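Hi everyone, thanks for having me. Let's walk through one protein chain together, going from the outside to the inside.

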Amino acid sequence: MTTEDVTRLTPSPPVSAPDAAAAIEACYGLAGELTRLPGEADDNFLLDDGGQRYVVKFAHLRADPAVVGVQVRVLRHIEATAPALPVPRVLAPLVPAAPGGQPWAVVPDGPLQGRVVHALSYLDGRLLKTVTTDPPLRRAMGGTLAELGLALHGFDDPLVHRPLLWDLAQLPQLRPLADERPPGPRTDLLAAQLARLVAETTPRLAAQRTQLLHNDFSPDNALISADGGRVSGIIDFGDVTVTALVNDVAIAAAYLLDDGGDDLLAPALDLIAGYHAVTPLTADELALLPDLILGRVVARIIISEWRAERFPENRAYVLRNTPRAWLQLDRLLSIPGEETAARIQEATRA
């Protein structure tokens with residue numbers, strides 16, 4: 001596990017609303033009503049100044065400012081190359097708070113002195129996790145994700161090549177976390193699946209095309225328009241990394257598995273088809289998808305349960321989606337991999 005992973009998974013002292021308000025005014029000249037928003041590592045606030053709304057993100061106390069800067073520059077890059085994509089716009093901080101001209105600020109004084117902060121435009125829409133999707137929306141989601149990949153294609157920086165635990169190319173790095181689990185049938189199941197994926201999938205994945213990806217197109221990071229017909233926002237670029245292109249598709253598909261319905265795979269197949277219509281996947285990439293989808297579910301369980309043990313004060317938030325991940329894993333393992341592969345081929349044949 002990298003130092004950055006440990007930092008992100010270790011809570012830092014929370015930022016209070018009064019301290020946030022003072023820092024936002026100092027760094028951006030903005031004031032208004034603040035509402036705390038959820039977040040894994042950052043302290044996030046919705047700021048309503050009576051006319052406009054913004055999202056203000058205070059980075060983890062031990063976050064690398066350069067990593068924050070890369071995330072912000074990625075958003076600037078998307079705005080320049082694909083302005084129609086629904087991603088947040090970066091607000092320019094006041095010059096004294098950003099002396100080097102960087103698109104983020106450092107709190108100059110007060111209780112939050114030295115804390116890295118950046119502000120973004122607020123995007124309207126309903127979180128995907130609150131929406132009942134249909135096939136046209138899911139295909140549109142896949143198409144939007146592919147368009148985002150096209151927009152990200154030209155961005156590069158040494159920091160987007162750093163290893164991240166949530167990157168499916170880094171599945172071997174999950175073994176130490178799995179080894180810390182208590183013995184039992186569930187641990188044995190996870191260990192067996194992880195060992196197989198590392199042995200069979202990781203070498204094949206290393207041979208696929210790579211580029212910068214969002215790497216977390218999840219129900220918490222996608223906003224849907226009021227009419228339910230399109231993606232109105234893609235948020236949280238904290239996991240951007242250069243990895244195999246097919247990983248973006250697998251991650252998004254894994255979150256759409258219908259564990260409560262009759263057909264587990266149908267929603268994921270819609271998204272895969274929508275992506276493939278914009279950015280055609282190769283035969284090798286399509287063949288990897290069943291194991292990569294399974295790998296994302298395995299990673300979600302291992303990382304989340306490891307975090308819950310290490311940081312029990314944040315246990316409820318960390319494990320909020322884990323019961324569903326276990327259901328998805330059990331159902332995925334009940335479907336022969338050949339059947340999943342055949343259905344993916346069928347969905348992308350048109």
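Before we begin, one term: accessible areas here come from the Shrake-Rupley method with a 1.4 Å probe. For this chain, the accessible surface comes to about 14,900 Å², and 55% of that belongs to carbon and sulfur atoms. Please keep in mind that this is a predicted model.

Now the overall build. The chain has 13 helices and 10 strands. Its C-alpha trace spans about 60 × 45 × 35 Å along the principal axes. A compact globule with 350 residues would have a radius of gyration near 20 Å, and the chain has 20 Å, so the two agree. Buried residues account for 55% of the 350.

Next, have a look at the sheet. Five strands make up an open sheet, ordered 1-2-3-5-4, with antiparallel pairing. At the edges are strand 1 (33-37) and strand 4 (105-106), each pairing on one side only. Strand 1 meets strand 2 (residues 43-48) over five bridges, and there you can find Arg36 opposite Phe45. Helix 2 (residues 17-28) lies across these five strands, running at about 115 degrees to strand 1.

So what sits inside? In soluble globular proteins, nonpolar side chains tend to be buried together. Here the largest nonpolar core has 86 residues, and Ile78, Phe217, Phe237 and Leu289 touch the most other members. Helix 10 (residues 283-310) gives the largest share, 13 residues. Apart from this core lies another, of 19 residues, including Ala23, Leu34, Phe58 and Ala119.

Let's finish with Phe237: among the residues in contact with Phe237 are Val74, Leu75, Ile78 and His214. Thanks for listening!

How values were computed
Residues are numbered from 1 along each chain as its sequence is written. This is a predicted model: local features need pLDDT of at least 70, side-chain atom pairs count only at pLDDT 80 or more; totals for chains, interfaces and linings use all residues. Side-chain values use heavy atoms; hydrogens and water are left out. Two strands pair if DSSP finds at least two bridges between them. Helices (H or I, at least four residues) and strands (E, at least two) are DSSP runs, numbered from the N terminus. Contact means heavy atoms within 4.5 Å. Axes are lines fitted to C-alpha atoms, for helices over the stretch in contact, and angles run from 0 to 180 degrees between N-to-C directions. A nonpolar core is a set of buried Ala, Val, Leu, Ile, Met, Phe, Trp, Tyr and Cys residues joined through side-chain atoms within 4.5 Å. Buried means under 20% relative accessible area, exposed over 50%, partly exposed in between (1.4 Å probe, protein chains only). The radius of gyration is taken over C-alpha atoms; the globule rule is 2.2 Å times the number of residues to the power 0.38. Lists of a residue's contacts leave out its neighbours within four places in sequence.
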